[in-house]
Amino acid sequence: MEIQRTTDPEKINFKDKFYLTGKAVIISGGMGLIGKAFAEACLQFGAKVVIADIDKTNPEKYAEDLKKKTGREVAGVSMNVAKRKDVELLKKITLEKYGSIDGLINCHQNKTARFFANFDEFTDEDWDAIVETNLKGTFLTCQIIGGYMAEKGSGSIINMPSTYSVVAPNQNLYKGTTLGTPAAYSASKGGVMALSQYLATYWADKGVRVNQITPHGVWNNHEEAFEKNFSNFSPMQRMSYNHEVACAAVYLLSDASSYVTGDNLRVDGGWTAW
Ligand SMILES: NC(=O)c1ccc[n+]([C@@H]2O[C@H](COP(=O)([O-])OP(=O)(O)OC[C@H]3O[C@@H](n4cnc5c(N)ncnc54)[C@H](O)[C@@H]3O)[C@@H](O)[C@H]2O)c1
């Protein structure tokens, strides 16, 4: 992308900068609550999208149905982000299909069966499974797909840490509910933050921007007690919606954010502002 050297804003078509027309975007964990909103938003802004997720979510069928319904360019790939050969295959399939990869959103997370167990009872197996998917999966996609972007000289990567790698969870939020946040989640997401910052400067002169989006309290039919507690603690007094997070992704993937790298865009209703 050529950056215009000018002080005259009238020479700039600001609207066009937000479009993703012609860009191919991979969304890992694309079958999740936020991933589906990312896919829809990217498609509406003209991107070609690959939805990557684990086999049992059947991203191929979801993408095929979406394609039939809308006529837009979308494909699904079953894969595991924590397996090098799967990520290599994802890159290969995307390049064969779209000829380029311009955007990558790492939107996967592993919610194991015993995800909400107390810290004292947390097992090695659950710890390993969460760190492996959340952190190693992000390392692999960044190395393999980000490395390709660095070679071609352009690309935008969005990683997803968590409010609970920015601040600690307030345990009062979970009182009277069955929910919680495991330390393995916070720790793995802290690693995602550090990795993202590292790569932002590592690839800054290669045309690859690496940013983060930190969503918070995205509503998914939560139990009433949790929603009530959350609203009491939130400066905006409500939970957020997946489409509110997706708007941030369009900005960070687009040329509108051409000078933004190493940032963490917190879509958290002011939760971490005080
Ligand atoms: N929902 C929130 O309120 C919230 C808040 C802060 C951060 N986040 C982060 O945002 C991202 C998206 O959140 P979400 O609510 O949509 O999560 P989600 O659980 O709905 O979706 C995660 C997706 O990742 C997929 N996945 C799991 N293991 C995988 C693997 N090994 N390989 C490929 N895909 C795999 C799952 O199948 C699922 O479709 C996550 O990284 C999450 O940690 C979410």
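These legends describe close-up views of a predicted model.

**View 1. The largest nonpolar core.** This core has 32 residues. Ile27, Phe38, Val49, Ile105 and Ile213 touch the most other members. Several elements give two or more residues to the core: strand S1 (24-28), helix H2 (33-44), strand S2 (48-53), helix H3 (59-70) and helix H9 (242-253). A second, separate core holds 27 residues, including Val50, Leu90, Leu140 and Val208.

**View 2. Ile213 and its contacts.** Ile213 is one of the residues that touch the most other members of the largest nonpolar core. Residues up to four places away in sequence are not counted here. Ile213 touches Phe38. It also meets Ile158, Asn159, Met160 and Pro161. Further contacts of Ile213 are Val245, Ala248, Ala249 and Leu252. Asn264, Leu265 and Val267 complete the list.

**View 3. Val50 in strand S2.** Val50 is found in strand S2. Its relative accessibility is 1%, so Val50 counts as buried. Val50 belongs to the second core, together with Leu90, Leu140 and Val208. Leaving out residues up to four places away in sequence, Val50 touches Val25, Ile26 and Ile27. Ala75, Val77, Leu90, Thr94 and Tyr98 are also touched by Val50. Val50 and Val77 are 27 residues apart along the chain, and their C-alpha atoms are separated by 7.1 Å.

**View 4. Helix H2 against helix H9.** The axes of H2 and H9 are 8 Å apart and the helices pack at an angle of about 50°. That angle makes H2 oblique to H9. The crossing is right-handed. From H2, the contact residues are Leu33, Ile34, Ala37, Phe38, Ala41 and Cys42. From H9, they are Asn242, His243, Val245, Ala246, Ala249, Val250 and Leu253. By class, this contact has 11 nonpolar, two polar and no charged residues. Both H2 and H9 give two or more residues to the largest nonpolar core.

**View 5. Helix H5 against helix H7.** Helix H5 covers residues 124-152 and helix H7 covers residues 183-202. Their axes come within 8 Å and cross at roughly 15°. H5 is therefore roughly parallel to H7. H5 passes H7 in a right-handed crossing. On H5, the contact residues are Trp127, Ile130, Val131, Asn134, Leu135, Thr138, Phe139 and Cys142. On H7, they are Ala183, Ala184, Tyr185, Ala187, Ser188, Lys189, Gly191, Val192, Leu195 and Leu199. The residues of this contact divide into 13 nonpolar, four polar and one charged.

**View 6. Ser162 in a loop.** Ser162 lies in the loop between strand S5 (155-159) and helix H6 (163-166). Its relative accessibility is 5%, so Ser162 counts as buried. Neighbours within four places in sequence are left aside here. Ser162 is then in contact with Tyr185, Lys189 and Thr214. Tyr185 and Lys189 are in H7 and are part of its contact with H5.

**View 7. Ala82 in a loop.** Ala82 has its place in the loop between strand S3 (74-78) and helix H4 (84-98). At 5% relative accessibility, Ala82 is classed as buried. Neighbours within four places in sequence aside, Ala82 is in contact with Glu132, Thr133, Lys136, Gly137 and Leu140. Ala82 and Thr261 are 179 residues apart along the chain. Their C-alpha atoms are separated by 25 Å.

**View 8. Asn58 and Gln237, with positive phi.** Asn58 lies in the loop between S2 and H3. Its phi is near 50°, a positive value in a residue other than glycine. Asn58 has 36% relative accessibility, so it counts as partly exposed. Gln237 is found in the loop between helix H8 (224-233) and H9. Gln237 is not a glycine, yet its phi is positive at about 60°. Gln237 is exposed, with a relative accessible area of 61%.

**View 9. Lys228 in helix H8.** Lys228 is found in helix H8. At 57% relative accessibility, Lys228 counts as exposed. Lys228 and Leu173 are 55 residues apart in sequence. In space they are 9.2 Å apart, C-alpha to C-alpha.

Conventions. Residues are numbered from 1 along each chain as its sequence is written. This is a predicted model: local features need pLDDT of at least 70, side-chain atom pairs count only at pLDDT 80 or more; totals for chains, interfaces and linings use all residues. Side-chain values use heavy atoms; hydrogens and water are left out. A nonpolar core is a set of buried Ala, Val, Leu, Ile, Met, Phe, Trp, Tyr and Cys residues joined through side-chain atoms within 4.5 Å. Buried means under 20% relative accessible area, exposed over 50%, partly exposed in between (1.4 Å probe, protein chains only). Helices (H or I, at least four residues) and strands (E, at least two) are DSSP runs, numbered from the N terminus. Contact means heavy atoms within 4.5 Å. Axes are lines fitted to C-alpha atoms, for helices over the stretch in contact, and angles run from 0 to 180 degrees between N-to-C directions. Angles under 35 degrees count as roughly parallel, over 145 as roughly antiparallel, 65 to 115 as roughly perpendicular and the rest as oblique. A crossing is left-handed if the near helix is turned anticlockwise from the far one by less than a right angle, and right-handed if clockwise. Ala, Val, Leu, Ile, Met, Phe, Trp, Tyr, Cys and Pro count as nonpolar, Asp, Glu, Lys and Arg as charged, and the others, Gly among them, as polar.
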